[in-house]
Amino acid sequence: MIGSQSGANSGGPAPRALPKIIAIDGPAGAGKTTVAEALAKQLGYLYFDTGILYRTVTLAALRHNLTLDDQAALATLVDEIVIAITAATVNDGRHLTVLLDGEDVTWAIRTPEVNQNVSIVSAQKVVRESLLQRQRAIAAQGGVIMAGRDIGTVVLPNADLKIYLDASPKERAIRRAAEEQARGIQRPFEAVQEEIDQRDELDSHRAVSPLRQAEDAVVVNTDGLPIDQVLAKINAVISEQA
């Protein structure tokens, strides 16, 4: 359990404050969603995955048959669509429900087609700038864990705690393949591995807000670790920095 009780009556030390805003970054498949959601439940914080926004915009762009690097078309699209994120409304393994113009697209934004194209859309400056203020407004409430690829470096450079989750490309591909199989998607493992490698290349070398570790971020490698051990490592960091 994180946090401490007041020492006012015992003569002990004053309680330590928890970080109000926690940024979690890392490559695809490193465990950001699982870890951030579990940590948010533990702390009683709001969990927000910024990748959901980019995935939803990507899905909308694909449905509108847009050229995915057309800045003008994407700017218009982002202004016109309505994205809503709520608590899970269906008991099908989802962590939350994502609505695009009122339609439930929670799983539609996790298809291989979206996976293969989200890095292109998220690399567009007009898209990132349009979504940036929305992300910062959510974080300004405090008691927030925000996960993505540029949270600690661009979105929330002043976050109280920055965690960079990492794992080997093979480990991340194994996780992605298992996630897809659980949803009935069957693909050769080699195709999943190639997709992870391509995503890493695009995310790390895009001109706008590339994936990189913030200088003051704590790196947590999740290779071969169950969720409870990853959480234990992060809890230790929180205790040390509190």
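Modeller: Before we start, two strands count as paired if DSSP finds at least two bridges between them. Bear in mind that this is a predicted model.

Colleague: Fine. In what sense do S3 and S4 pair, and over how many bridges?

Modeller: Two bridges is the minimum for a pair. S3 and strand S4, residues 96-100, run in the antiparallel sense, and the number of bridges between them is 5.

Colleague: Which residue in S4 stands opposite Ile 85?

Modeller: Strand S3 covers 83-87, and S4 takes in residues 96-100. Opposite Ile 85, in S4, you'll find Val 98.

Colleague: And which strands are at the edges of that sheet?

Modeller: The sheet is open, with 3 strands in the order S3-S4-S5 and antiparallel pairing. An edge strand here pairs on one side only, and that fits strand S3 (83-87) and strand S5 (103-104).

Colleague: Let's stay with S5. Is Asp 104 buried, exposed or partly exposed?

Modeller: Asp 104 lies in strand S5. Buried would need under 20% relative accessible area and exposed over 50%. Asp 104 has 34%, so call Asp 104 partly exposed.

Colleague: Which residues does Asp 104 touch, leaving out those up to four places away in sequence?

Modeller: Some of the partners come from S4, which spans residues 96-100. The full set for Asp 104 is Thr 89, Val 90, Arg 94, Thr 97, Val 98 and Leu 99.

Colleague: How far in space is Asp 104 from Leu 46?

Modeller: Along the sequence, Asp 104 and Leu 46 are 58 residues apart. In space, C-alpha to C-alpha, the distance is 21 Å.

Colleague: On to S7. How many of its residues are buried?

Modeller: Strand S7 runs over residues 161-166 and is mostly covered. Buried means under 20% relative accessible area. Of the 6 residues in S7, the buried ones number 5.

Colleague: Which strands pair with S7 in the parallel sense?

Modeller: Strands of a sheet can pair either parallel or antiparallel, through backbone hydrogen bonds. Strand S1 (residues 21-25) is joined to S7 by 4 bridges, with Ile 24 partnered by Ile 163. Strand S8 (residues 218-221) also has 4 bridges to S7, with Leu 165 opposite Val 220. The parallel partners are therefore S1 and S8.

Colleague: Now the loops. Is Asn 65 buried or exposed?

Modeller: Asn 65 is in the loop between helix H2 (51-63) and helix H3 (71-80). Asn 65 has a positive phi of about 55 degrees without being a glycine, whereas most residues other than glycine have a negative phi. Its relative accessibility of 68% is over the 50% cut-off, so Asn 65 is exposed.

Colleague: And Ser 209, buried or exposed?

Modeller: Ser 209 has a positive phi too, near 50 degrees, and is found in the loop between helix H8 (189-205) and S8. With a relative accessible area of 12%, under the 20% limit, Ser 209 is buried.

Colleague: Zooming out, what is the radius of gyration of the protein?

Modeller: The protein has 9 helices and 8 strands. For 242 residues the globule rule gives 18 Å, and the protein comes out close to that, so it is as compact as a globular protein of that length, with a radius of gyration of 18 Å.

Colleague: Last one: what percentage of the residues is buried?

Modeller: The protein exposes about 11800 Å², 51% of it from carbon and sulfur atoms. Counting residues instead, the buried share of the 242 is 47%.

Note on methods:
Residues are numbered from 1 along each chain as its sequence is written. This is a predicted model: local features need pLDDT of at least 70, side-chain atom pairs count only at pLDDT 80 or more; totals for chains, interfaces and linings use all residues. Side-chain values use heavy atoms; hydrogens and water are left out. Helices (H or I, at least four residues) and strands (E, at least two) are DSSP runs, numbered from the N terminus. The radius of gyration is taken over C-alpha atoms; the globule rule is 2.2 Å times the number of residues to the power 0.38. Buried means under 20% relative accessible area, exposed over 50%, partly exposed in between (1.4 Å probe, protein chains only). Accessible areas come from the Shrake-Rupley method with a 1.4 Å probe; for residues, only the protein chains shown count as cover. Contact means heavy atoms within 4.5 Å.
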